[in-house]
Amino acid sequence: MLLEFAMIGVVAGYLAGFLGIGGGFVVVPALTYIFMQNVDTAPWAIHMAVATSLGTMLVTSLSSIIAHQRKGAVAWSVVRSLAVGLMIGAVLGAALADHLHGEILARIFGVFAMLVGGKLILGRQPAGETPLPGQPAATITGVIIGGISSLIGIGGGALTGPWQLWHGIRIQNAVATSAACGYPIAVAGTLAFVIFGLGDDLPKGALGYVHLPAFIGIALTSALAAPLGAATVHRLRPSLVKRLFGAFLLLVGLRMLAGL
């Protein structure tokens, strides 16, 4: 299983740095499938997958942020305006996930994966010169993005990216800033999932809902792969990779809806 976790980390980390939509779209379905094969982890498969995905972003996001910051691409003013809302939303999303049945949570992930996959295939990017909102509106936006992201175990780039493009931020900066916005989501969401899962009879090796062996295996390799993805996005146009990944997400979404 450690080898499987390491391979998941390589793919998730690279895509997180390259596409800016977070590795959660790889980590969550992959871990859900692996956990479903084990009688001890099967009852908590999707909850542990979502929580562990957020946990790995504590490492992946940091590695990606450093790589993007070296190129001066992170808009820290945007990160600061969203950060409080992102953390509040992440806690609320984890609380909702804790109360949802695994099948419902898996289907929510499936629907969102298909929506993002369709968007990537169509290749349409919102563009505009709409001014960035003031602090109250930015906080509300952060709560919504953080809540959805924590609920399904992603870094939020699929939401913060288009939101920035809509406000006229160029794609390279949007990708870099999305990576930075994923960190407050990861911090608050992971802590919340750990706390909410402590009262449950979870399998050995779990800290709350976070599966520690999976966290370690994925975090180590994703941290190495994320800078490679971040370096690539500044050299290549990722349109083909986005469409291929979009097709992958459509298949993943259908599988999650059908039940792993």
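**Worked exercises: a cavity, a helix crossing, a loop residue and a covered helix**

The second largest cavity has a volume of about 40 Å³. A volume here is the space filled by probe spheres set on grid points joined across faces, edges and corners. This is a predicted model, where local features need pLDDT of at least 70, side-chain atom pairs count only at pLDDT 80 or more, and totals for chains, interfaces and linings use all residues. Residues are numbered from 1 along each chain as its sequence is written, and side-chain values use heavy atoms, with hydrogens and water left out.

**Exercise 1.** Find which residues line the second largest cavity, and sort them by class.

*Solution.* Start with the term: a cavity is a set of points on a 1 Å grid, over the protein atoms alone, where a 1.4 Å probe fits but cannot get out, and lining residues have an atom within 4 Å of a point. The lining consists of Ala12, Gly23, Gly24, Val27, Thr56, Met57, Thr60, Ile218 and Ser222. Next, look at the helices (DSSP runs of H or I, at least four residues, numbered from the N terminus). H2 (24-36), H3 (45-69) and H9 (212-233) each give at least two lining residues, and H3 has the largest share, with three. Finally, the classes are four nonpolar, five polar and no charged residues; Gly counts as polar.

**Exercise 2.** Describe how H3 meets H5 (residues 102-122).

*Solution.* Two packed helices are described by the angle between their axes and the distance between the axes. The axes, lines fitted to C-alpha atoms over the stretch in contact, come within 8 Å and cross at roughly 50°. H3 is therefore oblique to H5, the class left after under 35 degrees (roughly parallel), over 145 (roughly antiparallel) and 65 to 115 (roughly perpendicular). In contact (heavy atoms within 4.5 Å) are Ile46, His47 and Val50 of H3 with Gly102, Leu105 and Ala106 of H5. These residues divide into four nonpolar, two polar and no charged.

**Exercise 3.** Place Asp200 and find what it touches.

*Solution.* Asp200 sits in the loop between H8 (171-197) and strand S1 (206-207); a strand is a DSSP run of E, at least two residues. Leaving aside neighbours within four places in sequence, Asp200 contacts Trp44, Asp98 and Tyr209. Trp44 is 156 residues away from Asp200 in sequence, yet 9.8 Å away in space, C-alpha to C-alpha.

**Exercise 4.** How many of the 10 residues of H7 (157-166) are buried, and what covers them?

*Solution.* Buried means under 20% relative accessible area (1.4 Å probe, protein chains only). Eight of the 10 residues of H7 pass, including Trp163 and Leu165. Their cover includes H2, H4 (76-99), H5, H6 (135-152) and H8. Just after H7, Gly168 takes a positive phi of about 85°.

Technical notes: 1 Å grid on protein atoms, 1.4 Å probe; cavity = no way out; pocket = protein on both sides within 12 Å on 5 of 7 lines; lining within 4 Å. Axes fitted to C-alpha atoms, helices over the stretch in contact; angles between N-to-C directions. Buried < 20%, exposed > 50% of the residue type's maximum accessible area, 1.4 Å probe, protein only.
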